[in-house]
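Visitor: Mind walking me through this one? I'd like to hear about the strands and the charged pairs.

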Amino acid sequence: MVEATTKDVSSNGLLFVTNHLPRIGSSIEFTMDMPSEVMGWDSNVSIHCTGRVVRHQKSEHESMAAAVIDEYFLKA
């Protein structure tokens, strides 16, 4: 298990910050907790996803990976 922080998310994928970059092309499985305000629902929701790492990105202070989301389901 790798701990990461979501930097940006869209309907197709996400960019996340982590100390341990997964290999490009590797499959990943992750859960994002979304607040009710963002989702427009009465309660918070968890989104469980599977996807693939498509690129790495490094800045002066952060190591990031981008992944496409292949499948997801909501866990309310």
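Visitor: Which residue is the bridge partner of V53 in β5?

Guide: Quick note before that: this is a predicted model, where local features need pLDDT of at least 70 and side-chain atom pairs count only at pLDDT 80 or more, while totals for chains, interfaces and linings use all residues. Residues are numbered from 1 along each chain as its sequence is written, and side-chain values use heavy atoms, with hydrogens and water left out. Strands here are DSSP runs of E, at least two residues long, numbered from the N terminus. Across from V53, in β5, sits A67.

Visitor: β4 and β5 pair over how many bridges?

Guide: Two strands count as paired if DSSP finds at least two bridges between them. A hairpin takes β4 to β5 through 4 residues. The two pair in the antiparallel sense, and the bridge count is 12.

Visitor: And which residue in β4 stands opposite E29?

Guide: β3 covers residues 27-34 and runs antiparallel to β4, with 8 bridges joining them. Opposite E29, in β4, you'll find T50.

Visitor: What is the strand order in the open sheet?

Guide: β2, residues 13-18, is joined to β5 by 5 antiparallel bridges, and V17 has M64 as its bridge partner in β5. The sheet has 5 strands with antiparallel pairing, in the order β1-β2-β5-β4-β3.

Visitor: Why is one side of β1 and β3 left without a neighbour in the sheet?

Guide: Each of them has a single partner strand, so one side has no neighbour in the sheet; β1 and β3 stand at the edges.
As for twist, axes are lines fitted to C-alpha atoms, and angles run from 0 to 180 degrees between N-to-C directions. With direction ignored, neighbouring strands of this sheet are turned against each other on average by 40 degrees.

Visitor: How many salt bridges does a search of the whole structure find?

Guide: The criterion is a side-chain nitrogen of Lys or Arg within 4 Å of a carboxyl oxygen of Asp or Glu. One of them pairs R52 with D70, closest N and O atoms 2.9 Å apart. R52 is in β4 and D70 in β5, so this pair ties together parts 18 residues apart in sequence. The search finds 2.

Visitor: What about E62 and K7: how many residues apart in sequence are the parts they tie together?

Guide: Their side chains meet in a salt bridge, 2.9 Å from N to O. K7 lies in strand β1 (residues 4-9) and E62 in the loop between β4 (45-58) and β5 (63-75), so the separation is 55 residues.

Visitor: Is K7 buried or exposed?

Guide: Buried means under 20% relative accessible area and exposed over 50%, with partly exposed in between (1.4 Å probe, protein chains only). E62, at 25%, counts as partly exposed. K7, at 47% relative accessibility, is also partly exposed.
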